[in-house]
Amino acid sequence: MDSTKKIDPEIRALYENAHQRVKQKKRLMTHLVFFIAGSVIFIVLNVIIGYQSEFKPLGMDWFVTAILIWLFFFLVHAINVFVVNNLMGKEWEEKQMNKLVEKQLERLRELQKKVDKKHPIDTGSTKIQKNNDL
């Protein structure tokens with residue numbers, strides 16, 4: 001690709017957003033692989049090797065409790081990637097930014113009106129006086 005060509009800013013923003021989404025989904029799939037592998041290791045440790053087989057928090061084998069806790073965090077991760085990001089993604093962020101900027105501009109307009117009312121600038125009379133001084 002020719003490095004002298006400029007990429008359209010809108011296309012660039014779309015590309016960056018797509019790149020970010022792909023990275024999020026890739027991290028989620030990596031989390032899923034680690035969850036499955038970790039769960040298998042927990043089961044092997046407890047059932048086959050017998051590690052801490054007498055330890056039963058909440059009345060269940062420890063590996064079941066550990067897997068359920070890990071599953072909860074995996075589900076939170078998945079909800080964040082697929083639900084929250086869709087509801088509060090790039091478009092939502094831009095809308096919120098626009099709202100805040102508009103509020104700030106409105107506040108600045110109000111302050112400017114107060115300043116103009118309190119300290120008006122009379123440009124017309126200064127021109128007349130300059131002409132009279134000549």
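Arg 107 is partly exposed in this predicted model, with a relative accessible area of 43%. Its side chain meets that of Glu 110 in a salt bridge, at 3.6 Å from N to O. Glu 110 is partly exposed too, at 37%. The two residues lie three apart in helix α3, so about one helical turn separates them. Side chains of opposite charge can pair when their charged atoms come close.

Helix α3 spans residues 90–118. Glu 106 and Arg 109 are also three residues apart in this helix, and so are separated by about one helical turn. They form a salt bridge, with the closest N and O atoms 2.8 Å apart. Arg 109 has a second partner to consider: its side chain meets Glu 102 in a salt bridge of 3.5 Å, N to O. Glu 102, Glu 106 and Arg 109 are thus linked in a network. Each is partly exposed: Glu 102 at 40%, Glu 106 at 33% and Arg 109 at 39%. The structure holds four salt bridges.

Now turn to the nonpolar surface. Leu 75, Ile 79, Phe 82, Val 83, Val 84, Leu 87, Met 88 and Trp 92 form a patch there. Together they have about 730 Å² of accessible area. Helix α2, residues 62–87, gives the most to this patch, with six residues. Phe 82 sits in helix α2. Its relative accessibility is 38%, so Phe 82 counts as partly exposed.

The UniProt record, an unreviewed entry, places the feature "transmembrane region" at residues 28–51 and 63–87. Over residues 63–87, the chain is 100% helix and 0% strand. The end C-alpha atoms of that stretch are 35 Å apart.

Conventions: Residues are numbered from 1 along each chain as its sequence is written. This is a predicted model: local features need pLDDT of at least 70, side-chain atom pairs count only at pLDDT 80 or more; totals for chains, interfaces and linings use all residues. Side-chain values use heavy atoms; hydrogens and water are left out. Patches are made of residues with over 30% relative accessible area and no salt bridge: like charges are joined within 9 Å, nonpolar side chains (Val, Leu, Ile, Met, Phe, Trp, Tyr) within 5 Å. Accessible areas come from the Shrake-Rupley method with a 1.4 Å probe; for residues, only the protein chains shown count as cover. Helices (H or I, at least four residues) and strands (E, at least two) are DSSP runs, numbered from the N terminus. Buried means under 20% relative accessible area, exposed over 50%, partly exposed in between (1.4 Å probe, protein chains only). UniProt positions are given in the numbering used here, feature names are shortened, and annotations may be inferred rather than shown by experiment.
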